[in-house]
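Dear colleague,

I am handing over the structure we spoke about, and I would be glad if you could look through it alongside the notes below.

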Amino acid sequence: MAKGVLCVLVEPGYDSSTWFTKSYAGLKAGAAKRDVTIERLRGVADLARYQDVGSAILMGARTDWARYMITALRKHGVKSVLLGASPQDFGGDVSGVELDRRSLVERMVEYFCHCGRMRLACLGNKPQDINDEMRKLAFLRAARRRGLSVTESDVYGGNIVSAIDRLLDRVELYDGVVCVNDQTAVLLLEAAAQRGVRVPEDLFVSGSGDCIIGALTTPSLTTSTLDYFEMGVQSVSVWHYLERNPGIDAVCVTIPCQIICRGSTNFLPVPDADAELLTMSSAAERREDDALRTLDRLENCLLRCDALDFGILRGILAGDSMEKIAAELFVAQGTVSYRVKKLYRAMGVDNRRSFLSVVSPYVSNAQFLEGQMPVK
């Protein structure tokens, strides 16, 4: 095991990004703290220069590059520690440090909604960037959970200049834009000003990354912390732990993010997170409890049905009248009426419309009811 050497492989072009600069500085700080030498390799073949390397750090964000490198390292018996991409999408033997981007995007959508901005777009997603793809999915999920009329057509990705133009061509559809990073948001602020779109009056805008430039714009940019330096530091800790515990498959660390409110959202504060979360959780739990109670009551109702009850139920689901149900089952209409009232009571309702509203969503295979025998 090469205890004093930390092998690092970097996605081509990634070292020109701000994210690399910040995370690599953290990597060097973490390595210095543990008296470890960083060796930046040109490729997996360079591992041959070192003996007993148990794990290596991969710095990058492209899905295809990360997947290729992870596969290559596996062939050499070396575990991967991702710095820049989420390890959750690459298998149970992949470690890494990630920012809690999913929660951040969802909280940003909640923040916009709390501020009364409900017509939202997402800007800057690059299809091959695993973090941007995760942001897109988190944005869509959060918007739908809020009941917003948002679809993938409201996600503007690809070339950033053309994406901004496409968004501003339809800007009347939106009152808020969640950008994937501060650079994208700053470009949007400039382009919006040129088109006479006022921020924050017409459009709320947020970025992500807490870059210096975002504080220098007019209006100043609402953003979020993305502690890439700490990611670098923690990546060394993950690597160090794996090297000394070869029996461990993987270690994953998540770093929280915080929203910073500035001029591009009119300096409106983030609502109390605990209260908001409690409200949402309570509502979700109530909906879950109601649904489970309905299913439990329905199952108990069906358990008490005999062949005649199943025939009546089939007729109700088909929309048949009491007379028709009685005729088809060769029983008196009074018998049908009596049995129907029992079914209603079992489901806690008192009329056909209410009965169908709670039963129809779950009972769609009425043919199954044919020939059902009484429970012995």
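What follows is a short account of one sheet and of one pair of packed helices.

Please keep in mind that this is a predicted model. The sheet is open and consists of four strands in the order 7-6-8-9, with parallel pairing. Strand 7 (155-157) and strand 9 (204-206) stand at its edges, and because each has a single partner strand, one side of each is left without a neighbour in the sheet. On average, and with direction ignored, neighbouring strands of this sheet are turned by 15° against each other.

At one end of that order, strand 8 (residues 176-179) and strand 9 run parallel and are joined by three bridges, with valine 177 standing opposite valine 205 in strand 9. Helix 4 (residues 130-145) lies across strand 6 (120-125), strand 7 and strand 8, and its direction is at about 175° to that of strand 6.

As for the helices, helix 10 (residues 307-318) packs with helix 13 (residues 352-359) at an angle of about 95°, their axes being 11 Å apart. Since angles of 65 to 115 degrees count as roughly perpendicular, helix 10 is roughly perpendicular to helix 13. Helix 10 contributes Leu313, Ile316 and Leu317 to the contact, while helix 13 contributes Arg352, Phe355, Leu356 and Val359. Sorted by class, the contact of helix 10 with helix 13 comprises six nonpolar residues and one charged residue, with no polar ones.

With best regards

Definitions and conventions: Residues numbered from 1 in each chain as written. Predicted model: local features only at pLDDT ≥ 70, side-chain atom pairs only at ≥ 80, totals over all residues. Heavy atoms only, no water. Pairing = 2+ DSSP bridges. Helix = DSSP H or I, 4+ residues; strand = E, 2+ residues; numbered from the N terminus. Axes fitted to C-alpha atoms, helices over the stretch in contact; angles between N-to-C directions. Contact = heavy atoms within 4.5 Å. Parallel < 35°, antiparallel > 145°, perpendicular 65-115°, else oblique. Nonpolar A, V, L, I, M, F, W, Y, C, P; charged D, E, K, R; others polar.
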